[in-house]
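The exercises that follow are meant to be worked with the sequence and the model open side by side. Try each task before reading its solution.

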Amino acid sequence: MKELSLHVYDLMENSIAANASLIELTITDSLKDNIYSFTIKDNGKGMSQEFLAKVTDPWTTTRTTRKVGIGLPLIKMNSELCDGGMNIESELGKGTTLRFWFQHNHIDRPPMGDLAGTIVMLCAQHEDIHFIYKHITDKDEYIFDTDEVKEALDGMSMNDINIIRYLKEMIQENLEEIEYNE
């Protein structure tokens with residue numbers, strides 16, 4: 001995948017497939033510390049230690065539609081190529097926490113891409129899931145919480161095209177305000 005936002009989308013879809021009702025994405029975007037770090041935490045069904053031990057093997061997947069799963073192996077490879085890494089913690093019945101990071105200024109680090117669009121797309125497609133997205137920069141932090149958004153919308157669907165457009169613009173403006181980096 002050529003953009004980090006596409007990795008985020010794919011990996012958060014794993015949480016959705018694991019029946020998570022709460023998914024938290026935290027991005028630490030620090031030029032000062034030279035790190036671009038992503039943490040995806042969910043309360044889904046989790047993984048056994050046996051499955052967790054082989055989850056970065058592309059031939060290991062829970063999908064029945066195909067015999068390969070490349071999301072985790074690909075992000076592991078991409079992060080390690082950029083002087084970063086990846087780790088996963090999971091417990092059956094409790095959920096999973098995935099963290100991957102890159103050296104921020106590494107020449108091969110993929111650009112962020114359309115993060116605001118990715119977040120809004122996930123939220124609009126899965127209105128029954130509570131998403132919390134936190135972006136931390138050297139300047140400040142921004143938090144997008146779908147429970148707060150739903151309360152403000154007062155019953156309107158986040159899947160409405162006008163709401164989608166508004167939320168994407170709102171997230172993008174807030175990211176620019178905290179001086180996020182591509």
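## Exercise 1: a buried serine

S79, with a relative accessibility of 0%, counts as buried, and the coordinates used throughout these exercises are those of a predicted model.

**Task.** Find the element that holds S79, and then work out which residues S79 contacts beyond its neighbours within four places in sequence.

**Solution.** Begin with the place in the chain: S79 belongs to helix 3, which covers residues 71-81. Next, set aside the neighbours within four places in sequence, and the contacts of S79 that remain are G84, G85, M86, W101 and F102. Finally, compare the accessibility with the cut-off: buried means under 20% relative accessible area, and S79, at 0%, is therefore counted as buried.

## Exercise 2: the order of the strands

**Task.** Trace the sheet from edge to edge, and state in which order its six strands lie and why one side of strand 3 and of strand 6 is left without a neighbour in the sheet.

**Solution.** Six strands make up an open sheet with mixed pairing, and their order is 3-4-2-1-5-6. Strand 3 (85-91) and strand 6 (141-145) are at the edges and have a single partner strand each, so one side of each lacks a neighbour in the sheet. On average, and with direction ignored, neighbouring strands of this sheet are turned by 10° against each other.

The pairings can then be followed one after another. Strand 3 and strand 4 are antiparallel and share seven bridges, and within this pair S90 has T96 in strand 4 as its bridge partner. Strand 4 (residues 95-103) is also paired with strand 2 (residues 35-42), in the antiparallel sense and over eight bridges; here D42 stands opposite T96, and F38 stands opposite F100. Strand 2 pairs in turn with strand 1, again in the antiparallel sense and over eight bridges, with E24 opposite K41 in strand 2.

## Exercise 3: positive phi angles

**Task.** Locate the residues with a positive phi in the two hairpins, and then examine N19 and D154, deciding whether each is buried or exposed.

**Solution.** Start from the general expectation that most residues other than glycine have a negative phi. In the hairpin of strand 1 and strand 2, with four residues between the strands, N34 has a positive phi near 55°. In the hairpin of strand 3 and strand 4, with three residues between the strands, the residue with a positive phi, near 80°, is G93.

Now turn to the loops. N19, in the loop between helix 1 and strand 1, has a positive phi of about 65° although it is not a glycine. D154, in the loop between helix 5 and helix 6, likewise is not a glycine and has a positive phi of about 50°. The cut-off for exposed is over 50% relative accessible area, so N19, at 60%, counts as exposed, and D154, at 69%, also counts as exposed.

## Exercise 4: an enclosed helix and a cavity

**Task.** Explain why helix 4 can be called largely enclosed, and then identify the residues that line the largest cavity.

**Solution.** First place the helix: helix 4 (residues 115-125) lies across strand 1 (22-30), strand 5 (130-137) and strand 6, and runs at about 165° to strand 5. Helix 6 (residues 161-177) also packs on the sheet, where it touches strand 5 and strand 6 and makes about 160° with the direction of strand 6.

Next, count the buried residues: nine of the eleven in helix 4 are buried, so the helix is largely enclosed by the rest of the structure. The cover over these buried residues includes helix 1 (4-17), strand 1, strand 5, strand 6, helix 5 (146-153) and helix 6.

One of the buried residues is C123, with a relative accessible area of 2%. Beyond residues up to four places away in sequence, C123 touches F131, F144, T146 and M158.

Lastly, turn to the empty space: the whole structure has one cavity of 30 Å³ or more, and the largest cavity has a volume of about 30 Å³. Its lining consists of M12, I119, L122, C123, F131, I132 and Y133, with helix 4 and strand 5 as the elements that give two or more residues each. Sorted by character, the lining has seven nonpolar residues, no polar and no charged ones.

Definitions and conventions: Residues are numbered from 1 along each chain as its sequence is written. This is a predicted model: local features need pLDDT of at least 70, side-chain atom pairs count only at pLDDT 80 or more; totals for chains, interfaces and linings use all residues. Side-chain values use heavy atoms; hydrogens and water are left out. Two strands pair if DSSP finds at least two bridges between them. Axes are lines fitted to C-alpha atoms, for helices over the stretch in contact, and angles run from 0 to 180 degrees between N-to-C directions. Contact means heavy atoms within 4.5 Å. Buried means under 20% relative accessible area, exposed over 50%, partly exposed in between (1.4 Å probe, protein chains only). On a 1 Å grid over the protein atoms alone, a cavity is a set of points where a 1.4 Å probe fits but cannot get out, and a pocket is an open set with protein on both sides within 12 Å along at least five of seven lines; lining residues have an atom within 4 Å of a point. Grid points are joined across faces, edges and corners, and a volume is the space filled by probe spheres set on the points. Ala, Val, Leu, Ile, Met, Phe, Trp, Tyr, Cys and Pro count as nonpolar, Asp, Glu, Lys and Arg as charged, and the others, Gly among them, as polar.
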